[in-house]
Amino acid sequence: MEKQALAALESAANIILAPPNLVSNEQRHNAEGVFLGFRKSKCPYAVCRQILETSNSDYVKFEAAEVLKCALIREWTFLQESDILSLRQYLLHYIISRDIPAFVQDKLLQVLAIMVKRGSVEDFGQDRGNILNDVEALFINGDSAKQILGCKLITNLMQEYAITVKSTDVGLSWEVHYKAKMNFEAVDLKRIFQFCVQVISEIIKSDTPFGDNVNNLLKHLLTIIESILSWGFMASSLPKKLIGLYEMVQRADHAPSLRLGMQWKSIMFAPQFLPLMFQIYWKVRDNDQLSHHAMTCLVQLASLNGGIMAEHTDKMLYIGAFMENFLKLITSVTIKSKESLGISQITKNIHLHFVHDVIALPKALQESYIDDLTRLTCCFIEGAATEEVDCDEKCYMDSFEIMLESWALLIQEYRQVTNDFLGQAATCIFNTYLKCHLSSPDGSRKQGTDLEVEEIEDDEDNDRTKFKDQLQTIGLFGRIVPDQALPILYKLLEDRTNKLRSHLHTMQSQAMSINDSVTLDNIFEDIHWTVLIAGHTLCMDSDGETPTIPSDLMRYSMDMNAKGLTNLDESLKVMASVQQLGNDAECSPLCDHAVRIFADVLKLCAIESSAAEVKLGHFMSPEVSCTLMWFLKRWSLSYLLPTESFYQEISPVLIGALGKDTEGANFVMNFVLAKIQSNICYYNSEPILLRDTVELFSDVVGIKSKSLYIVKTEGLWNLINLQSKLQAGMLPVNIRRGLYKGFVLAGTALKKDDEAVQYYDQILKPVQQRFKGVLCQENFNRIYQQDNIQKEIQDLLECFIGISKGATMGTVVILFKFLGPILSELPVLLNMYHNYQVIVQMILDLFGQCAKNVLCYLSVADSNQLYETTYNVVQVYAKCNQNRFSTEALNEEGNFQDLCLVMDLLTYILSKDCLDLNPLINQEEPTVAASDVALYGLRFIMPLMTLDLLKYPALCHQYYGLLTLINDIYPEKVCALPEDMLRKLLTSVEIGLTQFTADVAQPCLDFVAGLATHIFKHSMKQSAAYQALMPFLKLIMDLTLSQQICTDMVATASLCIYTLICCYSEQYQMLVQNMIQMQTDPAVAERLATEFNRLMANVPLTCDRHKLKFRDQFDKFICNVHGFLLVK
């Protein structure tokens, strides 16, 4: 290399590294150009060696190492074996013998590791074995610096072999990568592990503290061992997609379990191995830089599974030895906050992989383990409570949550055998958790004036969402010991209720002091947490399932009744007394415990309503109010009017107090409905509380077995009469629609047509009359902009949306007779209010809800009516918004919510042709198809979808999702679009492929593949669609070859390319010839031609199952050509 060229590189490096104030942008740009040109050098091996030997710039040396790496990947198949061996030996000698900066050394080590891996494909790891011999020699003969260098080389080797699915950047196909990885695992990974463990075992024989050099070496050795124990061992029979999913999980927060084969048995089951690994942790426990790695090793060892555990005897010996060492650790020290995560993860892994074996261990060992697990859990609960107030770090909180996951696994296993081990542990953990959430003197929660009381603003921060998983497991503990948990809960509720009532009584006659305020806040917080815990103890989460009474509590109620400790009459008396607010008498001890807790909650609801009536509602806690509504919903769904056929046995107290046709059930339904009414009247400024209130109402009436009784109650009609008297705009957004959804759902239980018609007339006619009354005013065109008129319109639209959301197959005929005429009036209304975004969005939302919830049940005639009205609405919307998005400041995503609603509407409209649930046989042919409506709407929407608009993610995803859905269902209608519209549509697809990320490119590729498939199968070479789609063959090929399509998308892109090749085989041949002729290097041109021939070998262009073979060959094609082909 000429000195002048080296000087140019060093000068460019100095410019790049110079401070910004000393060089201009142009100088820096020119310097970057020098290195970019250097990176494109062909056969740069001699030049790079010269740079490494003579350059004085470390940055230039680093660039030389990068150039070496790229050239080796690109030109590996062109290199002679002797040249590769010479370069490898030179680099190893250079790294060992030269004092170079760490960043240069690391890059050269990576180059060396890549060479070893590429070489191992041909020699099956022979050269790699020689490298490892050299590393072992460094440990025997070298100083600590050489030993650390050996560790770095091993780490780089492991890094290259660890990756599989993503490893296409070193010029190997996935299959070859995977075979190389399997060979490395079988031949050398175990050897590396044994060697590192042996070296550490010698080091820890010395006394602590270790010197800095030893600590540094230990860190590298522990990192290697940790990497091996966290290695992704996979079965060779797994397909690539499953391995990709496995790796995705592996890259998540936790490492994969340690899944080893029989060849590891001699190491893992050696008597001295586990004691050694725990001893290593003991030695480095106080060193934060080392302890984490050592702890991770123990965590992984707790997850040992796979073929190595084929013999049950071996498994029992291993878990027994592990448990003994683990218990020795946790009983000998006070667990630090940072190591608590590792300790909890160890217990979780034990329970995941050895839970069947834990219950087979000697009884003394089991008891010791359960005791220590209980102690640790309680310790973590207390630590988490402290962190919540004092610390930013949440180590104890995370550890506690992991520990609860561990307990859930253990409880499930133990309860199949015996409950003896769990009672004391459950009581201790339940009580500790409760104590940490209560104020003194009953609890240890921090209290005082520094405790801020925050308003509830959304779901993310409220406690029942934030601590949902914790509360579920604590509730499980409570159900294990209901005789302990339920009395504690009702005593706490009754005590705090009496204190609250006393405070409210005092506040009626005198002003509240600061101390009173703090005390009241603590009472509310206690009530809030007690109700939360009670709700999770008495009821289980039932997402997607029918809510039922937990079997533990059903059995407990029956046992208590059988023993004469509870009876039905006393339970009913306690329920009936909830409205006697002035009565301080204690509840009857013969009341069923679950009913007693429920009655305590009802009493709190009564106090809250009473406070609001006497103008003290502002002192009540919105958070507690929301929690009470949540509890009532859970309780009502599980306990109120239970379906007896769901249970093998049922408590006479529960069924007698809350079953069908009982006074208790009728009382509870009316009480709950009265509470809903009270909240709407007195707390209409609390949107979150009203949302929870309306959810309680709509969820309960949504169950037919309950709505059959609710529809006949006085409380429901009181609620209906109340809402009809409320002024427009009095309720927060979405509350009115929730109420009307509930009213509509309640009517689904009426089986007789005349009863249903009469009921819905009473619900719907007043709204219909209000709507006509507003629109039929003679001066409506002049007053429609007035605030009171706008509020009335918004309120009515809220009602209509709620009605549409409550539609079911049995009620849709009645409801559409009401909704149909109203929908037909809305295009005119939309035109009038097109500048009022709230009303526009509500009209679009109403149509979307009708298309989503009503359309699938409609007859052909009614469907046509909805289609035509939707036509008109979309047309009016497009006309009124042609210039809006080009002139309006593109600064808020909320500005385009209405456009999202239009696309939702079109998507829901399409569903009719896929899912028609109309119970009547269609005797008439539809005059309009859902696809016609969607395409018609798309014609108006497409001109609005500018590139600036598509930069908003939600809008972009909806738009391309809609295009793909239309194309999937009706490709023939997409092909038949007017040429101008088809061109615009395909232009937007091209933008999706070239301007956005993979989640947008995916539906665009699906769109192109679907359209090309239709064109091929129907021989549409003369169509406009055939000509319009043709450029996509070159576009997608270029995007894939230039790596502008990410690795995850290559499989999808290959299927799309295959379909396009089937359509345009002649154009494909021309494209290939052009790409080959563009190559200036004959060797590259010849190799490219060979790869294209291999790509299409034995792949018929039939656009069917052969596309899978093409996909596999394309994967190899991409790997082979990426190294030497540059597509601009």
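Q: In which loop is N734 found?
A: In this predicted model, the phi of N734 is near 80°, a positive value in a residue other than glycine. At 40% relative accessibility, N734 counts as partly exposed. The loop that holds N734 is the one between α32 (714-725) and α33 (735-746).

Q: Which residue with a positive phi follows α49?
A: Let's start with the helix itself: α49 spans residues 1031-1041. The loop after it runs between α49 and α50 (1050-1063). A residue of that loop has a phi near 60° although it is not glycine, and at 52% relative accessibility it counts as exposed. The residue is Q1043.

Q: Why is α49 described as largely enclosed, and how many of its residues are buried?
A: A residue counts as buried when its relative accessible area is under 20%. In α49, the residues that meet this cut-off include F1032, L1033 and I1036, and also D1038 and T1040. Helix α49 is largely enclosed by the rest of the structure because the buried residues number 9 of the 11.

Q: What secondary structure does the protein chain have, in helices and strands?
A: The chain has 1128 residues, and 55% of them count as buried. Its C-alpha atoms fill a box of roughly 95 × 80 × 60 Å along the principal axes. As for secondary structure, the count is 53 helices and 0 strands.

Q: What share of the contacts with a separation of 6 or more comes from residues 24 or more positions apart?
A: A contact here means heavy atoms within 4.5 Å. Among the contacts in the protein chain with a separation of 6 or more, the share from residues 24 or more positions apart is 76%.
One example of a residue with contacts beyond four places in sequence is T713, which touches N666 and N670, among others. For the chain, then, the value is 76%.

Q: Is T713 buried or exposed?
A: T713 sits in the loop between α31 (704-710) and α32. Leaving out residues up to four places away in sequence, T713 touches N666, M669, N670 and L673. Its relative accessibility is 3%, so T713 counts as buried.

Q: How far apart in space are T713 and M945?
A: In sequence, T713 and M945 are 232 residues apart. Taken from C-alpha to C-alpha, their separation in space is 51 Å.

Q: What is the volume of the largest cavity?
A: The whole structure holds 5 cavities of 30 Å³ or more. The lining of the largest one includes S636, M669, L673, F697 and I710. Its volume is about 90 Å³.

Q: Which helices each supply at least two residues of the lining of the largest cavity?
A: Among the lining residues are M669, V672, L673 and I676, along with L696, F697, V700 and V701. By class, the lining has 10 nonpolar residues, 1 polar residue and no charged ones. The helices that each give at least two of the lining residues are α29 (663-682) and α30 (687-701).

Q: Which residue does a cis peptide bond join to S440?
A: Most peptide bonds are trans. The bond that starts at S440 is cis, with omega about 5°. The residue on its other side lies in the loop between α19 (422-436) and α20 (463-466). That residue is P441.

Q: Where does P209 lie?
A: The peptide bond from T208 to P209 is cis, with omega near 0°. P209 lies in the loop between α9 (174-203) and α10 (212-229).

Q: Why does C776 form no disulfide, and which cysteine has the closest sulfur?
A: A disulfide is a covalent bond between the sulfur atoms of two cysteines. The search of the whole structure finds 0 disulfides. C776 is exposed, with a relative accessible area of 61%. Its sulfur is too far for a bond because 17 Å separate it from the closest cysteine sulfur, in C799.

Q: Which residues does S863 touch, not counting residues up to four places away in sequence?
A: S863 lies in helix α39 (residues 860-880). With a relative accessible area of 3%, S863 is buried. Beyond four places in sequence, S863 touches L855, L858 and K912.

How values were computed:
Residues are numbered from 1 along each chain as its sequence is written. This is a predicted model: local features need pLDDT of at least 70, side-chain atom pairs count only at pLDDT 80 or more; totals for chains, interfaces and linings use all residues. Side-chain values use heavy atoms; hydrogens and water are left out. A disulfide is a pair of cysteine sulfur atoms within 2.5 Å. Buried means under 20% relative accessible area, exposed over 50%, partly exposed in between (1.4 Å probe, protein chains only). Helices (H or I, at least four residues) and strands (E, at least two) are DSSP runs, numbered from the N terminus. On a 1 Å grid over the protein atoms alone, a cavity is a set of points where a 1.4 Å probe fits but cannot get out, and a pocket is an open set with protein on both sides within 12 Å along at least five of seven lines; lining residues have an atom within 4 Å of a point. Grid points are joined across faces, edges and corners, and a volume is the space filled by probe spheres set on the points. Ala, Val, Leu, Ile, Met, Phe, Trp, Tyr, Cys and Pro count as nonpolar, Asp, Glu, Lys and Arg as charged, and the others, Gly among them, as polar.
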